[in-house]
Amino acid sequence: MYTFDSRVRYSETDSEGKLTLSSLLNYFQDCSTFQSEELGMGISYLRERHLVWVLSSWQIVVDRYPGLCEKVQTGTFPYAFKGFLGYRNFTMTDSEGAYLARANSLWTLLCTDTEKPAMPPKEMIEAYALEEKLDMDYAPRKIQIPGESVHKEPIVVKKHNLDTNHHVNNGQYVDIAMEYLPEDFTVGQLRAEYKKQAFLDDIFYPYVAGEENKIVVVLADADDRPYVCVEFQRKESVGHRC
């Protein structure tokens, strides 16, 4: 497992002094980026070969949100390559080694010239050491939308929503979706299913569906085709495995 150590910064906390969900997601995203860069499989390598890894789905289960200045260790490892798909686990642990959060993710390798899936080069597969799949309760990748939906005001994609690939970063979708959660809703599990990429000046047409312990936010285009479906499950209703 590739790991890096850190402390929870003030800029990463909420009004209660706890690490925010979006900051946790950024820790995971940064961890995989650090690993790829150290292996020589990072942004420059991919650009030279007209390739990009695009996130297809997240499942993040939170055992505990660490507090301000708390020491944490973030880790990641790939556990499978299947064709153009890559499967990767993530963990965050406290100073005693106890889990703070665990995650599963699915990535698709695309050719930037054709926007179609591409097989990873041999040297890429050899660079990553596959490890045994993390012990956690794995949820389905597909997200079902419960009940009736409430439509919200459209949102225009701005420059600050974009990453180095010039499309909306996966964490930005989650940040936008979280704006529709009730104030007292603490997220115990996040699931996100990414359908298509969004670019500068695209317009999201959000709608929200759910119940007391589970809320689904969909960011769709004008033709009701989703960019992403994000499911939030209330912390008290999530079962955890140790």
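# Chat about salt bridges, patches and loops

Colleague: Arg-225 first: buried, exposed or partly exposed?
Modeller: Arg-225 counts as partly exposed, because its relative accessibility is 48%, and the cut-offs are under 20% for buried and over 50% for exposed. Bear in mind that this is a predicted model.

Colleague: Which side chain meets Arg-225 in a salt bridge at 2.9 Å?
Modeller: That is Asp-221, with the 2.9 Å taken from N to O. Asp-221 itself is buried, with a relative accessible area of 7%.

Colleague: And which residue forms a salt bridge with Arg-225 at 3.5 Å?
Modeller: Asp-223, where 3.5 Å separates the closest N and O atoms. Unlike the buried Asp-221, Asp-223 is exposed, at 58% relative accessible area.

Colleague: Which residues are linked in that network of salt bridges?
Modeller: Lys-196, Asp-221, Asp-223 and Arg-225. As background, side chains of opposite charge can pair when their charged atoms come close.

Colleague: How many salt bridges does the count come to?
Modeller: The count comes to 13 salt bridges. One of them joins Glu-126 to Lys-122, at 3.9 Å from N to O.

Colleague: Where do Glu-126 and Lys-122 lie?
Modeller: Both are in helix 3, which covers residues 122-127, and they are four residues apart, about one turn of the helix. Residues three or four places apart point the same way because an α-helix has 3.6 residues a turn.

Colleague: Are those two buried or exposed?
Modeller: Glu-126 and Lys-122 are both exposed.

Colleague: Back to the region of Arg-225. What is the phi of Asp-224?
Modeller: Phi of Asp-224 is near 65°, a positive value, and the residue is not a glycine. Asp-224 sits in the loop between strand 11 and strand 12, the latter being 226-234. Its relative accessible area of 45% makes Asp-224 partly exposed.

Colleague: What about the phi of His-50?
Modeller: His-50 also has a positive phi, about 55°, although it is not a glycine. Most residues other than glycine have a negative phi.

Colleague: Where does His-50 lie?
Modeller: In the loop between helix 2 (43-48) and strand 2 (51-62). His-50 counts as partly exposed, at 39% relative accessibility.

Colleague: New topic, the surface. Which residues form the negative patch?
Modeller: Glu-183, Asp-184, Glu-211, Glu-212 and Glu-236 form it. Take Glu-212: its place is in the loop between strand 10 (203-210) and strand 11 (214-220). At 62% relative accessibility, Glu-212 is classed as exposed.

Colleague: Which residues make the nonpolar surface patch?
Modeller: Val-156, Ile-203 and Tyr-205, with a patch area of about 210 Å². Val-156 lies in strand 8, residues 155-156, and is partly exposed at 36% relative accessibility.

Colleague: Now the inside. Where is the place of Asn-89?
Modeller: Asn-89 is in strand 4, residues 85-93. It is buried, because its relative accessible area is 0%.

Colleague: What lies 2.7 Å from a polar atom of the Asn-89 side chain?
Modeller: The backbone nitrogen of Leu-134.

Colleague: And Ala-80, where does that lie?
Modeller: Ala-80 belongs to strand 3, residues 71-82, and is buried at 13% relative accessibility. Its C-alpha is separated by 6.4 Å from that of Leu-130, and the two residues are 50 apart along the chain.

Colleague: Over to helix 4. Which of its residues are buried?
Modeller: Helix 4 spans residues 170-178, and its buried residues are Asn-170, Gly-171, Tyr-173, Val-174, Ile-176 and Ala-177.

Colleague: What caps the N-terminal end of helix 4?
Modeller: Asn-169 does, with a side-chain oxygen 2.9 Å from the backbone nitrogen of Gly-171.

Colleague: How many Å apart in space are Ala-177 and Thr-114?
Modeller: 29 Å, C-alpha to C-alpha, with their positions 63 residues apart in sequence. Thr-114 is found in the loop between strand 5 (99-111) and strand 6 (116-117). Thr-114 is partly exposed, at 46% relative accessibility, whereas Ala-177 is among the buried residues of helix 4.

Conventions. Residues are numbered from 1 along each chain as its sequence is written. This is a predicted model: local features need pLDDT of at least 70, side-chain atom pairs count only at pLDDT 80 or more; totals for chains, interfaces and linings use all residues. Side-chain values use heavy atoms; hydrogens and water are left out. Buried means under 20% relative accessible area, exposed over 50%, partly exposed in between (1.4 Å probe, protein chains only). Helices (H or I, at least four residues) and strands (E, at least two) are DSSP runs, numbered from the N terminus. A polar contact is a pair of N or O atoms within 3.5 Å; within protein, one must be able to donate a hydrogen and the other to accept it, and residues adjacent in sequence count only if both atoms are side-chain atoms. Patches are made of residues with over 30% relative accessible area and no salt bridge: like charges are joined within 9 Å, nonpolar side chains (Val, Leu, Ile, Met, Phe, Trp, Tyr) within 5 Å. Accessible areas come from the Shrake-Rupley method with a 1.4 Å probe; for residues, only the protein chains shown count as cover. A salt bridge is a side-chain nitrogen of Lys or Arg within 4 Å of a carboxyl oxygen of Asp or Glu. Lys and Arg count as positive and Asp and Glu as negative; His and the chain ends are not counted. The place of a charge is taken as NZ of Lys, CZ of Arg, CG of Asp or CD of Glu.
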